[in-house]
Amino acid sequence: MYDYDFIIIGSGSAGLTCAFTVKGFNKTVLLVEKNKSGGECTWSGCIPSKALINLAKEINIAKKYSDFHIDTSEIMEKVRKVREKIYQRENPDVLKDADIDYIRGSAKFIDKHTLNINDNEYSSKNIIIATGSSPLVPPIEGLDEVAYLTNETFFELEKLPQSLTILGGGAIGIELAQALNRLGVKVTVIEMMASILAKEDPEFVEELSKTLEEEGVRLLTKTKAVRVEEKDGMSIVHTEKYGVFSNIVSESLLVAVGRKANTEDLGLDSVGIIYSNKGIEVNKYLQTAQHNVFAVGDAVGPYQFSHMANYQGILAVQNALFPIKRGVDYSNVAWCTFTEPELAHAGLTEEEAKEKYEHLKIYTLTEKDLDRATLKYGDIFRIKVICDDSKENHVVGAHILAERAGDLISDVQILKTHNMPLHNLSNVIYPYPTYAEVFNKLGKKAYVNKVLSNPFINMINNIKKKDTKE
Ligand SMILES: Cc1cc2nc3c(=O)[nH]c(=O)nc-3n(C[C@H](O)[C@H](O)[C@H](O)COP(=O)(O)OP(=O)(O)OC[C@H]3O[C@@H](n4cnc5c(N)ncnc54)[C@H](O)[C@@H]3O)c2cc1C
């Protein structure tokens, strides 16, 4: 007999989802957390970053109309207040009310059913590892000898620095770069790749980069940070681009080059659970090498987002409970980079789709085609929907660069997830003037494409063409 049906290690997005799902099935659960409940999303990820972005947006608008001093300590205080509000929904009292047992402590495997937590042993039929990830610190000369920030320390700052160098032009680095620049920080981003946001559609990234640079963010792409040092309280990053050496001096340095899975100190080797730098190895049912032990969220990947942690968490609990298991399906993953404009991504990029499909039809529209986007001075709106033409306009990828693109992508996500063709949107009535109206326009384009590619209509058109020639 075990102490619990489930023990869950880690109370971030993944662990909390698992615990509440277990309670939904009326099973017993113990949640173990070595820090405060909520994990990265609440304390050093989604929540504080989006709170900061929203405040920076307001200030950016206000700055257009008047000159004023920005008190960045007040901004940071407000960001932390938002975090506290979210914590009120997931603190130990809330867990207790939901009948979830909660222990603050570090968990380590003794065997595949038993964990050591604060020098006590707890056993469970199933164990779910949801230990998340930590910022990856690259092996750059001198980095270990200087003070630098990561997402784990950034949101604890009393006030913002005057200038900041960000290592890494991924979503985390770029979202913060825009927000901080708007709050008066002189920001330089160093990125090794040819462009920032390397996983995104290049055309949209180009447009977004232009916006960021116009706002004042310095983007150094194809640039490698080779050495870091500190002089007179300033951080100096030595860079190299095409053999040319240079340096960037700033008050602070933020490292945002990637993530590493939290696999240390869990005693995984002792129970034969396989893992690498990329994370814990799981099969399609999210089971580790020990089948009663599951792993989910950032500790597993491959998509390190809160919504993917939720998706995996629910699936792992169901797979532990039911004899018929469901495999993970990553064919409908979507995400959003919360810059302004937002950049949302569903499925394949155009380049990836071209490798996979022979017959593609790509539908695009810009702000010129949409009244709502014309109503706001300088509004940017770009959409690209990539369809498999051999399967009557079935969506394989979509990309939106626009205000609230993260919300707008939902229409395409629904089509894509439920395997519906784009032309299904041609008869949906959207309120005017909205950004969402774009889907009706694209739906109509797709409908015309469908009609014109009908073999019978094609034949009649060809006959007509022949008649006109004669
Ligand atoms: C700046 C930033 C912005 C982000 N913005 C977004 C966004 O807008 N949207 C989005 O979807 N994602 C975003 N993410 C990613 C998102 O935060 C993560 O994907 C998500 O938090 C992962 O959840 P998790 O539960 O797997 O891990 P975590 O939230 O990291 O939780 C793991 C928990 O396990 C605990 N733990 C670890 N080891 C042990 C142990 N041995 N014993 C007990 N407890 C342990 C940790 O203390 C931690 O609380 C962002 C990330 C960052 C850094």
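Two strands count as paired if DSSP finds at least two bridges between them. Strands themselves (E, at least two residues) and helices (H or I, at least four) are DSSP runs, numbered from the N terminus. What you see here is a predicted model, where local features need pLDDT of at least 70 and side-chain atom pairs count only at pLDDT 80 or more, while totals for chains, interfaces and linings use all residues. Residue numbers start from 1 along each chain as its sequence is written, and side-chain values use heavy atoms, with hydrogens and water left out.

**View A. An open sheet of 3 strands, ordered 11-12-13.** The pairing in this sheet is antiparallel. Strand 11 (224-231) and strand 13 (244-250) sit at the edges with a single partner strand each, so one side of each has no neighbour in the sheet. From one strand to the next, the twist averages 25°; for angles like this, axes are lines fitted to C-alpha atoms (for helices, over the stretch in contact), and values run from 0 to 180 degrees between N-to-C directions. Zoom in on strand 11 and strand 12 (residues 234-241) and you'll find 7 bridges between them. One pair to look for is A225 with its bridge partner T239 in strand 12.

**View B. Two hairpins, built from strands 4, 5 and 6.** Strand 4 (residues 107-111) runs antiparallel to strand 5 (residues 114-117), with 4 bridges between them. The two make a hairpin with 2 residues in between, and D111 stands opposite T114 of strand 5. Next comes strand 6 (residues 120-129), joined to strand 5 by 4 bridges, again antiparallel. Here N116 has E121 of strand 6 as its bridge partner. This hairpin also has 2 residues between its strands, and N118 takes a positive phi near 50°.

**View C. An open sheet of 5 strands, ordered 19-20-23-22-21.** The pairing is antiparallel, and the edge strands, each pairing on one side only, are strand 19 (334-337) and strand 21 (360-366). The twist averages 10° from one strand to the next. Strand 19 is joined to strand 20 (residues 342-347) by 4 bridges, and W335 has H345 in strand 20 as its bridge partner. Two helices pack on this sheet, with contact meaning heavy atoms within 4.5 Å. Helix 12 (residues 405-417) touches strand 19, strand 20 and strand 23 (394-402), and its direction makes about 175° with that of strand 23. Helix 13 (residues 437-452) touches strand 21, strand 22 (382-388) and strand 23, at about 145° to the direction of strand 21.

**View D. The ligand and the 36 residues around it.** A residue belongs here if one of its heavy atoms lies within 4 Å of the ligand; A14, E33, E40, K50 and D298 come nearest. For polar contacts, look for pairs of N or O atoms within 3.5 Å. A ligand oxygen is 2.8 Å from a polar backbone atom of A14, and an oxygen of the ligand is 3.0 Å from an N or O atom in the side chain of N35. A ligand nitrogen is 3.0 Å from a polar backbone atom of A107. Taken alone, the ligand exposes 1,000 Å², and the protein buries 93% of that (areas by the Shrake-Rupley method with a 1.4 Å probe). Elements giving two or more residues to the shell include helix 1 (13-24), strand 2 (29-33) and helix 9 (306-321).

Notes: A polar contact is a pair of N or O atoms within 3.5 Å; within protein, one must be able to donate a hydrogen and the other to accept it, and residues adjacent in sequence count only if both atoms are side-chain atoms.
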